[in-house]
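This report covers ring contacts and one pocket. The structure comes first, then the terms and the findings.

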Amino acid sequence: MPITDLLPLFGDEKMTSPLIIAGPCSAESEQQTLDTACALAAAGVRVFRAGVWKPRTKPGGFEGIGTPALEWLSKVKEETGMLVATEVATERHVHEALHAGVDVLWIGARTSANPFAVQEIADVLASLPDHRRNQLTVLVKNPVNPDLELWIGALERIYGAGVRRLGAIHRGFTSYGKHIYRNPPKWRIPIELHRRLPDLPIICDPSHIGGKRELIASLSQQALDMNFDGLIIETHSNPDAALSDKAQQITPEVLQYIVSTLVKPEQSTSTESLALLRQQIDRIDDELIEILAKRMRVARDIGRFKKEHRMPVVQPGRYNDLMQRRVDTAVSLDMDAEFMRNVLSAIHEESVRQQLEICAETLLDKQL
C-alpha cells in the first residue's frame with residue numbers, strides 16, 4: 001500500500017534539526033532515568049528514549065525493569081516536559097505503555113522481523129480512539145536481517161492500523177563473524193527505502209550500528225550526509241556502569257559535543273551525490289579492512305602449518321612470483337605498479353611479522 005499522507009512525527013512542536021532522540025539503553029533506576037533526562041533536557045533534547053522491556057539474545061542477562069519503569073518515564077514527562085519513547089514487542093507492552101502516557105513507541109529489530117508480532121501491535125493501535133492514535137508516534141526499526149521488503153511490510157502494517165505519525169529507524173543488520181561495526185549499516189538498504197517511500201522520515205541509530213561509543217560521531221555525520229531526518233543515540237548518566245550495552249552509550253555531555261560538531265548538508269542534488277560517493281568509499285574501506293583481517297587470519301594458519309612442518313617462514317621464490325603476477329593484474333585495472341608493490345609489500349611484511357610471532361610463542365613455550 002502507498003505510504004503517503006503522513007503527519008509530522010511530533011505534532012506541531014518545534015524540534016531541532018536534525019531531530020535528536022536520546023536516553024539510556026535501559027531505564028535502570030528512577031535516579032538514573034531522571035538524572036539522564038534532566039541533563040538531556042538542559043542540552044535541548046526534546047525526546048527521551050529508554051528501554052523498559054529488554055529481551056536479550058540469551059537468557060540470564062538484564063532484561064529490563066519492566067512495567068514499574070514506566071512510572072519513571074511519566075516522571076520524566078512531568079519534570080522536564082520531554083516526550084518519552086520506549087520499545088514495545090507485544091500487545092501487553094502497547095497497552096501498558098499507552099496507559100503510562102508514553103508518546104512514542106518503537107518496534108525493535110527482532111520484532112519487526114516477525115509479521116505476526118507486528119500485526120498484533122497493529123491490531124492494538126487500530127483499536128485506539130482516533131484522537132489517541134493521531135497523537136501517537138510509532139517508529140519501526142529495520143529487521144535484524146537485511147530484508148527491505150520485510151521492513152516495508154512492517155511499516156505498512158502499522159500504517160494500515162491508521163497511524164500517520166510514522167517513521168523508520170535504521171540500526172544496521174546482524175552479520176556473522178567479526179566486523180568493524182556491531183551491525184553493519186548496509187546503507188544501500190535505507191537509501192532504497194527512501195527512494196521507495198520518499199515521504200517517510202528515517203532516523204539513524206548509530207549506537208546499535210557501531211556498538212562502540214567512539215564510532216557514534218562519524219556514523220552520525222554519515223547519516224546526515226545522506227539526508228537522514230534524525231538520530232536516536234543511547235545516552236546514559238554513567239555509561240560505564242550501565243546494565244546493558246554500556247560500550248555503545250555516551251554521556252549527555254558527549255552527546256551535546258557530538259551534536260554541536262555535526263554538519264547538516266545543504267539540500268541539493270550535488271551534495272546528495274557527493275554524500276553517496278563518500279558513503280561508497282567508506283563502505284569499501286570497511287570491506288577492505290575486514291578482508292585484510294581475514295587474510296591475516298589465514299596467514300597465521302599458514303604460520304602454524306610451517307611451524308609444525310619445520311618450514312621457513314619466508315620463501316623468496318614464491319613471493320617474487322606472486323608479487324609480479326599481482327602487480328601485472330593491478331596495472332591491467334588502471335592502478336600504478338609502484339603503488340601496488342608498496343601495498344603488497346606492506347601486506348607481506350605484516351604476514352611475516354605475525355608468522356614470526358607464532359614461531360616465537362612456540363619457542364617460548366618450550367623454554368617454559
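## Basis

Helices (H or I, at least four residues) and strands (E, at least two) are DSSP runs, numbered from the N terminus. The model is predicted, so local features need pLDDT of at least 70 and side-chain atom pairs count only at pLDDT 80 or more, while totals for chains, interfaces and linings use all residues. Residues are numbered from 1 along each chain as its sequence is written, and side-chain values use heavy atoms, leaving out hydrogens and water.

## Second largest pocket

A pocket is an open set of points on a 1 Å grid over the protein atoms alone, where a 1.4 Å probe fits, with protein on both sides within 12 Å along at least five of seven lines; lining residues have an atom within 4 Å of a point. The second largest has a volume of about 500 Å³, the space filled by probe spheres set on the points, which are joined across faces, edges and corners.

Its lining has 19 residues. Nearest the centre lie Arg 295, Arg 318, Leu 322, His 348 and Ser 351. α12 (269-308), α13 (316-332) and α14 (337-367) each give two or more residues. α14 gives the most, with 6.

## Ring contacts

The whole structure holds 1 aromatic pair (ring centres within 6.5 Å; the six-membered ring for Trp). Trp 187 and Phe 228 meet edge-to-face (planes over 60 degrees apart). Their centres are 5.8 Å apart, with 85 degrees between the planes. Trp 187 lies in the loop between β6 and α8, and Phe 228 in the loop between α10 and β8, so the pair ties together parts 41 residues apart in sequence. Both are buried (under 20% relative accessible area, 1.4 Å probe, protein chains only).

Methods. Rings of Phe, Tyr and Trp (its six-membered ring) pair if their centres lie within 6.5 Å; planes under 30 degrees apart count as stacked, over 60 as edge-to-face and the rest as tilted. Buried means under 20% relative accessible area, exposed over 50%, partly exposed in between (1.4 Å probe, protein chains only).
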